[in-house]
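The following exercises ask the reader to work through one structure, element by element. Each task is followed by a solution in steps.

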Amino acid sequence: MTTIRARNVNHPQHRENLKAEKYEIIREAMLASLSDETWMPFTELEDKVRARLHDADVPAALFPKPGSVRWYCKAVQLDLEARGEIERQPKKSPLHLRKRQPDST
C-alpha cells in the first residue's frame, strides 16, 4: 500500500500518512472544483468533492466510514495549502479557498 506523507500548513513539522489512492482521488476532485479567481467555502468544496466522487462512480467502500470524505478533504486541503497549490482567503471565517494564483505570495 502506497502512502503520501501529507503536510499541514498549520503545523509544518507534522506529517499525516494518507493512502495514495484516496489522496489522489480527493486532490483531483478538489482541484477540479476550485477556481483560481473565485473563493469557495470549504463546506461547498466538500459538497462538490462528494458529487464528483459520485459522478466518477468511486466505490463507496473506498470511503466507508461516515466522515471519511470530510476527513480526507481536510487533510488534503491542508497539504495542498502547504504545497502552495491552493490558498485560503485571509481574515475570512468560515474558511474560503481557491487555487493559488501565479502571482500570489
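**Exercise 1. The contact of α1 with α2**

Which residues in α1 meet which residues in α2? The model under study is a predicted one.

*Solution.*
Step 1. From α1, the participants are Ile-25, Ile-26, Ala-29, Met-30, Ala-32 and Ser-33. From α2, they are Leu-45, Lys-48, Val-49, Arg-52 and Leu-53.
Step 2. Sorted by class, this contact holds eight nonpolar, one polar and two charged residues.
Step 3. The two helices pack at an angle of about 115°, and their axes are 9 Å apart. The crossing of α1 and α2 is right-handed.

**Exercise 2. The dimensions and burial of α1**

Determine how the end-to-end reach of α1 compares with the expected value, and identify its buried residues.

*Solution.*
Step 1. Helix α1 covers residues 20-33, which is 14 residues.
Step 2. At 1.5 Å a residue, 20 Å is expected, and the helix reaches 20 Å from its first C-alpha to its last.
Step 3. The buried residues in α1 are Ala-20, Lys-22, Tyr-23, Ile-26, Ala-29, Met-30, Leu-31 and Ser-33.

**Exercise 3. The contact of α2 with α3**

Describe the geometry of the packing between α2 and α3, and list the residues that make the contact.

*Solution.*
Step 1. Helix α2 spans residues 42-55, and it packs with α3 at an angle of about 115°, the axes being 10 Å apart.
Step 2. The crossing of these two helices is right-handed.
Step 3. On the α2 side, the contact is made by Phe-42, Glu-46, Val-49, Arg-50 and Leu-53. On the α3 side, the residues are Val-69, Arg-70, Cys-73, Lys-74 and Gln-77.
Step 4. Five residues of the contact of α2 with α3 are nonpolar, one is polar and four are charged.

**Exercise 4. The environment of α3**

Why can α3 be described as largely enclosed by the rest of the structure?

*Solution.*
Step 1. Of the 15 residues of α3, eleven are buried, so the helix is largely enclosed by the rest of the structure.
Step 2. These buried residues are Ser-68, Val-69, Tyr-72, Cys-73, Ala-75, Val-76, Gln-77, Leu-78, Asp-79, Leu-80 and Glu-81.
Step 3. They pack against β1, β2 (16-19), α1, α2, β4 and β5.
Step 4. The end C-alpha atoms of α3 are 21 Å apart, in agreement with the 21 Å that its 15 residues should span at 1.5 Å a residue.
Step 5. Just after α3, Gly-84 has a positive phi of about 80°.

**Exercise 5. Two residues of α3**

Establish the burial and the surroundings of Ser-68 and Leu-80.

*Solution.*
Step 1. Ser-68 belongs to helix α3, residues 68-82. Its relative accessibility is 14%; because buried means under 20%, Ser-68 counts as buried.
Step 2. The side chain of Ser-68 reaches the backbone oxygen of Lys-65 at 2.9 Å.
Step 3. Leu-80 also lies in helix α3, and at 0% relative accessibility it counts as buried.
Step 4. Not counting residues up to four places away in sequence, Leu-80 touches Tyr-23, Arg-27, Met-30, Leu-31, Glu-85 and Ile-86.
Step 5. Leu-80 and Val-9 are separated by 71 residues in sequence and by 8.3 Å in space, C-alpha to C-alpha.

**Exercise 6. Ile-4 in strand β1**

Which residues does Ile-4 touch, not counting residues up to four places away in sequence?

*Solution.*
Step 1. Ile-4 is placed in strand β1, residues 3-6.
Step 2. The residues touched by Ile-4, outside those up to four places away in sequence, are Glu-16, Asn-17, Leu-18, Ala-20, Tyr-23 and Arg-83.
Step 3. Ile-4 and Arg-15 are eleven residues apart in sequence, and their C-alpha atoms are 9.1 Å apart in space.

**Exercise 7. Backbone features in the loops**

Are Asp-57 and Lys-91 buried or exposed, and where is the cis peptide bond that leads to Pro-94?

*Solution.*
Step 1. Asp-57 lies in the loop between α2 and α3. It is not a glycine, yet it has a positive phi of about 55°. With a relative accessible area of 63%, Asp-57 is exposed.
Step 2. Lys-91 is in the loop between β4 and β5, and it has a positive phi of about 55° although it is not a glycine. At 90% relative accessibility, Lys-91 counts as exposed.
Step 3. Pro-94 is found in the loop between β4 (86-88) and β5 (96-99). The cis bond runs from Ser-93 to Pro-94, with omega near 0°.

Key. Residues are numbered from 1 along each chain as its sequence is written. This is a predicted model: local features need pLDDT of at least 70, side-chain atom pairs count only at pLDDT 80 or more; totals for chains, interfaces and linings use all residues. Side-chain values use heavy atoms; hydrogens and water are left out. Helices (H or I, at least four residues) and strands (E, at least two) are DSSP runs, numbered from the N terminus. Buried means under 20% relative accessible area, exposed over 50%, partly exposed in between (1.4 Å probe, protein chains only). A polar contact is a pair of N or O atoms within 3.5 Å; within protein, one must be able to donate a hydrogen and the other to accept it, and residues adjacent in sequence count only if both atoms are side-chain atoms. The expected span of a helix is 1.5 Å times one less than its number of residues. Axes are lines fitted to C-alpha atoms, for helices over the stretch in contact, and angles run from 0 to 180 degrees between N-to-C directions. A crossing is left-handed if the near helix is turned anticlockwise from the far one by less than a right angle, and right-handed if clockwise. Contact means heavy atoms within 4.5 Å. Ala, Val, Leu, Ile, Met, Phe, Trp, Tyr, Cys and Pro count as nonpolar, Asp, Glu, Lys and Arg as charged, and the others, Gly among them, as polar.
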